[in-house]
Amino acid sequence: MRRSILITLLAGVAATLAGCGVIYNSPTVSQGIVNDAKVRVVPITAETTLAANRSPYQPDSLPAVFSQTAGGGSGLRGAGTLPDPAVDPETRPGSIETRIPADVPISPYRIGVGDVVVLATPTGGDSVAELSGLVAVQNQKQNYTVQDDGGISIPSVGRVRLAGLTLEEANENVFQALVDSSIDPSFSLEVAAFNSQRVSVGGAVRTPGVLPIGLQPLYLNEAISKAGGATSDDNEYVTVRIYRNGSLYQVPLAELYSQRKLQRIRLIDGDSVYVDLEYRLDNAQAYFQEQLTLNETRRSARQQAISELQTEISLRRAELDEARENFEDRVDFGAVDRDYVYLAGEVTKQARFPLPFEQRAVLADAIYAEGGIPTITGNVSEIYVLRGSQAAEEFGSITAWKLNAGNAASLLLATRFELRPNDVIFVAEQPVTQWNRVITQITPGVFNSTINALAR
């Protein structure tokens with residue numbers, strides 16, 4: 001009986017003191033005049049979110065050193081004509097320069113060393129039986145690989161040169177060889193395997209490899225598609241680089257997909273295509289160097305030039321990396337002017353949240369970057385973004401954007417509501433949290449021990 005009376009008295013005293021604001025003052029947001037400042041509470045809805053996001057704001061930019069590349073190198077000694085630079089140093093990664101090779105006129109396919117041709121000659125019964133339909137005319141087919149000297153060896157005929165000829169010209173050569181050897185010139189000639197003209201595709205594709213060029217032209221978009229397509233989900237900084245005859249070209253992947261002219265860049269024998277996920281040239285240079293090593297092993301002067309080019313670019317890259325590290329150190333020491341928003345009230349950690357460079361942050365970014373809202377103490381139905389007016393004539397005006405996330409579906413608005421510099425994010429406390437804190441303040445020390453003893 002004594003225990004219940006004491007607890008009742010404590011509860012009454014606590015409620016009275018809390019109501020008078022003697023023990024505990026709970027921070028709240030109220031509409032009206034507060035300390036000569038006019039406070040206006042606006043619920044966050046889809047419509048008001050659009051209105052709030054219209055306020056002018058430009059995120060801080062990273063220094064230009066973060067978007068510059070090591071370049072393509074300058075003229076080097078002892079190498080003759082060197083590849084043109086793939087890119088020039090740029091100040092923004094969004095402005096990747098498009099450099100495309102000159103148009104290549106469409107011409108008939110020319111047979112080359114390594115191609116496999118099939119020669120079909122008729123064989124079967126006598127002509128009377130064939131004409132009467134009693135015996136079907138059959139063809140004897142024989143495959144021939146074009147040798148290093150550019151010819152094939154046909155039994156009873158000898159060597160017939162085919163390399164460098166179109167299919168029509170090759171047919172004429174074979175026909176003449178058969179006639180000269182007094183052999184029936186009834187035959188058909190076609191290419192069974194295209195091995196002489198090839199294009200390599202590497203980098204960020206699903207199946208990198210070497211693609212043959214056949215009777216039909218091979219275009220850039222088709223080559224990437226045959227290699228399985230690009231593996232990146234974000235095409236903003238993906239670049240397609242083409243190495244051709246000592247020159248380096250590049251096309252941003254986003255532009256390639258949107259412009260028919262770029263898709264129809266015709267590839268020729270010896271081209272190397274590299275899909276690069278990075279803005280810099282690291283991977284592309286390694287890939288192209290590999291192709292040069294495989295295809296130009298006898299060109300020592302060219303290899304020396306590539307080595308010097310890599311050394312020059314490495315020195316430039318080291319300088320860029322050092323400048324970037326210096327900037328990051330300045331950020332860590334607080335020596336860089338940054339924009340912040342501030343978290344207060346019932347959040348996991350009251351802190352300041354730095355607004356990111358070159359992009360806009362939303363309410364959810366700031367809340368969940370520091371651990372979110374404690375469900376025990378935080379009142380999710382009262383989440384406020386306090387924003388002061390930037391206009392001089394309204395210096396004392398404050399807009400309190402209120403998000404009621406009692407229905408969890410409303411949290412989606414937090415992913416759309418953009419933050420501005422010096423915003424204050426405030427989360428009110430649960431009513432029971434206020435009561436618990438009142439009890440905690442009036443029952444310290446011995447008094448608290450007495451209550452615990454009575455409770456037992």
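In this predicted model, seven strands form an open sheet whose order runs β1-β2-β18-β17-β19-β15-β16, with mixed pairing. The edges are taken by β1 (residues 32-34) and β16 (residues 352-354), each of which pairs on one side only, and from one strand to the next the twist averages 30 degrees. Strands of a sheet pair through backbone hydrogen bonds, and they may do so in a parallel or an antiparallel sense.

Both senses can be followed at β19 (424-429). With β17 (378-388), β19 pairs in the antiparallel sense over five bridges; here Tyr384 has Phe426 of β19 as its bridge partner, and Val385 stands opposite Ile425. With β15 (340-345), by contrast, β19 pairs in the parallel sense over four bridges, and the bridge partner of Tyr342 is Val424 in β19. The strand β19 is itself mostly covered, since five of its six residues are buried.

Several strands of this sheet also contribute to the largest nonpolar core, to which β15, β17, β18 (397-403) and β19, together with the helices α10 (363-369) and α11 (411-414), each supply at least two residues. The core has 27 residues, and among these Leu363, Ile383 and Leu419 touch the most other members. The largest share, four residues, comes from α10. To see how one of these residues is surrounded, one can look at Ile383, which, leaving aside residues up to four places away in sequence, touches Leu363, Ile367, Ile373, Trp401, Lys402, Leu403, Ala405, Phe426 and Val427. Apart from this core lies another, of 24 residues, including Val199, Ala204, Ala230 and Val275.

The helix α2 (residues 46-53) offers a view of how one element is packed against others. Its residues Thr48, Thr49, Ala52 and Asn53 are buried, and, seen down the axis of α2, the buried residues fall within an arc of 135 degrees, so they line one face of the helix. The spacing fits a general rule: an α-helix has 3.6 residues a turn, so residues three or four places apart point the same way. On the face of α2 turned away from the buried side are the exposed residues Glu47 and Leu50. The cover over the buried residues of α2 includes β2 (37-43), β17, β18 and α11, and of these β2, β17 and β18 are strands of the open sheet described above.

Aromatic rings provide a further set of contacts, and a search of the whole structure finds five aromatic pairs. In one of them, the rings of Tyr109 and Phe194 have centres 5.1 Å apart and planes at 90 degrees, so the pair is edge-to-face. Tyr109 belongs to the loop between α2 and β3 (116-123), whereas Phe194 belongs to the loop between β7 (188-193) and β8 (198-203), so the pair ties together parts that are 85 residues apart in sequence. The two residues can also be described by their accessibility: Tyr109 is buried, with a relative accessible area of 7%, while Phe194, at 22% relative accessibility, counts as partly exposed, because the cut-off for buried is under 20%. Elsewhere, ring pairs link Phe66, Phe327 and Phe357 into a cluster.

Conventions. Residues are numbered from 1 along each chain as its sequence is written. This is a predicted model: local features need pLDDT of at least 70, side-chain atom pairs count only at pLDDT 80 or more; totals for chains, interfaces and linings use all residues. Side-chain values use heavy atoms; hydrogens and water are left out. A nonpolar core is a set of buried Ala, Val, Leu, Ile, Met, Phe, Trp, Tyr and Cys residues joined through side-chain atoms within 4.5 Å. Buried means under 20% relative accessible area, exposed over 50%, partly exposed in between (1.4 Å probe, protein chains only). Contact means heavy atoms within 4.5 Å. The arc is that of the directions from the helix axis to the C-beta atoms. Two strands pair if DSSP finds at least two bridges between them. Axes are lines fitted to C-alpha atoms, for helices over the stretch in contact, and angles run from 0 to 180 degrees between N-to-C directions. Rings of Phe, Tyr and Trp (its six-membered ring) pair if their centres lie within 6.5 Å; planes under 30 degrees apart count as stacked, over 60 as edge-to-face and the rest as tilted.
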